[in-house]
Amino acid sequence: MNNLKKYILVASMFSSILTACGSDTGNGGGEPVTPVEPTKGDVLVYTTTGSLSHDFKKSYLDFSKSSNMGTKTIKIDESKKFQTMDGFGAAITGSTAYNLLKMAPADRTKFLKETFSMTEGMGQSYIRIAIGCSDFSLDEYTLADEPGIENFALQSEELEYVIPVLKEILAINPDIKIMGSPWTPPKWMKVNNLTELKPYDSWTGGHLNPKYYQDYATYFVKWIQAMKGHGINIYSITTQNEPLNDKNSASLVMFWNEQQAFVKNALGPKMKAAGLTTKIYAFDHNYNYDNMPEQQDYPIKIFEDPAAAAYFAGSAYHNYGGDKAELLDIHAKAPNKDIIFTETSIGTWNDGHALGKRLLEDMREVALGTVNNWSKGVIVWNLMLDSERGPNREGGCQTCYGAVDISKADYKTIRKNSHYYIIGHMSAVVKPGAVRIGSEGYTDAGLSYSAFKNTDGTYAFVIANANGSNSRIVIEDGKNHFTYDIPAGSVVSYSWKK
């Protein structure tokens, strides 16, 4: 046999072997084989990259059968227990409810299931709403604009927008927690300051007149009861949104001593007398107390009075100033009080549409960052705004994006932003009642992570890789371990049973 014949014979045999093994064709027609993703496995995985090459991609993998020889191992240690989680979610403002109700019913149901369903979606589990108007309402109003607490009544924003949306969400996730926060009391309850006590006819700023402490406490009670009348249980409230901010559209200044006196002498006793178990959280503002020295450690100052402290479940924080390390300080000073993170926003000022940047920063600073500093829950600002950052009002934020933005042209096309993903990556695997547990071993400046044990015995682990390269790590729970190649610039969530 000459060399040419030998060459042809060998080439023919090699081609036959490749075809038989399926290494270059899948259907005999020369089409490439598409790898089949596993539809089940020991570990459920969700992956999102800043480039959206993985867009909350669901996958599965199995435990490793061999011994763990990996040097990049993170070990789960459930003997170390921290806080019990309440949940993760976003605010259903008047603007958010308006946008949702502009959608076709089928499109809205699909989005709400993707967001809130425990079985078909992310399982977001905590919602914040306004008591009266917020700076993302369709108008400025309270629930008793006419003087006299007897004039209390839910208004059109609640009845026509917020409550219908909440009912749709509750039909999908009946156990969702709802927090209420007021931006302003009725104007007739306001004064310019506590010295002159002059009437203050403005939505913005002013102080609560001590003369109306009892009426304002009744206002809260009536609101909780009115919402209950519509089938909506209020799990928690904050006494005042951003009490040190006198510039917001709809706002009130409430220094720590005012909040202490109001809750101790009016709100706490009124709620108790009404048989309400709704939790009360203090403060609800920035880590840095808006650089007011006399307001530093605002909730701690309140808690120094045992009679007042007894009515508070804990404190709530925003991140528009200061650093999340403040949460560690507050926990150290009041370890028996809860901490919850209640507001953060993205917008034009912080490259809110640059997902590659915001996904990793917001995961590190907000989702994992606050939880690793003892926060029991994380709530971001507007769940949905339109493509023109609205509806918004003069005096409110006109540069904010929502967790998602919906096209104003069709009220169908949705852009998902960083806040939607960071909340989803937590809520998909960390369920209400989960306990944050220890995780130790491999560390890297570009990695942030946290571990949890859910009430059903499953483990949850969430990790963010801010590095410019993939990171192949091993996760070990004391019995099983598995390996995963975390993509560069990504967030990954895992859930498994030991």
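1. Start with the sheet. In this predicted model, 9 strands make an open sheet, and reading across it the order is β2-β1-β24-β21-β20-β19-β3-β22-β23, with mixed pairing. The two edges are β2 (57–61) and β23 (481–486), each of which has a pairing partner on one side only. If you step from one strand to the next, the twist averages 30°.

2. Now look at the β2 edge. Strand β1 (residues 43–49) runs antiparallel to β2, and 5 bridges join the two. Pick out Val45 and you'll find that its bridge partner in β2 is Ser59. So is Ser59 buried or exposed? Its relative accessible area is 10%, and since buried means under 20%, Ser59 counts as buried. Apart from neighbours within four places in sequence, Ser59 is in contact with Glu37, Val43, Leu44 and Val45. Val45, then, turns up twice for Ser59: as bridge partner and as a contact.

3. Next, move along to β19, β20 and β21. Strand β19 (residues 435–441) pairs with β20 in the antiparallel sense over 3 bridges, and one pair to find is Val435 with its partner Lys453 in β20. These two strands form a hairpin, with 5 residues between them. On to the next pair: β20 and β21 are also antiparallel, over 7 bridges, with Ala451 standing opposite Phe461 in β21. They form a hairpin as well, this one with 4 residues between the strands. Have a look at Gly457 in that turn, which has a positive phi of about 90°.

4. How enclosed is β20? Of its 7 residues, 6 are buried, so the rest of the structure largely encloses this strand. Helix α11 (residues 418–427) touches β20 (447–453), and packs on the sheet with further contacts to β1, β21 (458–465) and β24 (490–497). Compare directions and you'll get about 170° between α11 and β1.

5. Stay with α11 for a moment. How many of its residues are buried? The count is 10 of the 10, so this helix too is largely enclosed by the rest of the structure. The buried residues include Tyr420, Tyr421, Ile422 and Ile423, along with two histidines, His419 and His425.

6. Helix α9 (residues 325–333) is worth turning so that you look down its axis. Its buried residues are Glu326, Leu327, Ile330 and His331. Why do they line one face of the helix? Seen down the axis of α9, they fall within an arc of 140°, so they share one face. The cover over them includes two helices, α7 (298–303) and α10 (355–371), and two strands, β11 (314–318) and β12 (338–343).

7. For helix against helix, try α2 (residues 94–102) and α4 (residues 156–172). They pack at an angle of about 70°, and their axes are 9 Å apart. That angle makes α2 roughly perpendicular to α4, because 65 to 115 degrees counts as roughly perpendicular. From α2, the residues at the meeting place are Gly94, Ala97, Tyr98, Leu100 and Leu101. On the α4 side they are Glu157, Glu160, Tyr161, Val162, Val165 and Glu168.

8. Another strand to check is β10 (residues 279–286). It is mostly covered, with 7 of its 8 residues buried. Its link to strand β9 (residues 236–238) is parallel, with 3 bridges joining the two. One of the bridge pairs is Ser236 with Lys279 in β10.

9. Last, the cysteines. A disulfide is a covalent bond between the sulfur atoms of two cysteines. How many does a search of the whole structure find? It finds 1. The partners are Cys397 and Cys400, whose sulfur atoms lie 2.1 Å apart. The torsion about their S-S bond is about 110°, so this disulfide is right-handed. Both Cys397 and Cys400 are buried. Cys133, on the other hand, is in no disulfide: the nearest cysteine sulfur belongs to Cys397, and it is 15 Å away. Cys133 has a relative accessibility of 1%, so it counts as buried.

Key. Residues numbered from 1 in each chain as written. Predicted model: local features only at pLDDT ≥ 70, side-chain atom pairs only at ≥ 80, totals over all residues. Heavy atoms only, no water. Disulfide = S-S within 2.5 Å. Buried < 20%, exposed > 50% of the residue type's maximum accessible area, 1.4 Å probe, protein only. Pairing = 2+ DSSP bridges. Axes fitted to C-alpha atoms, helices over the stretch in contact; angles between N-to-C directions. Contact = heavy atoms within 4.5 Å. Arc of directions from axis to C-beta. Parallel < 35°, antiparallel > 145°, perpendicular 65-115°, else oblique.
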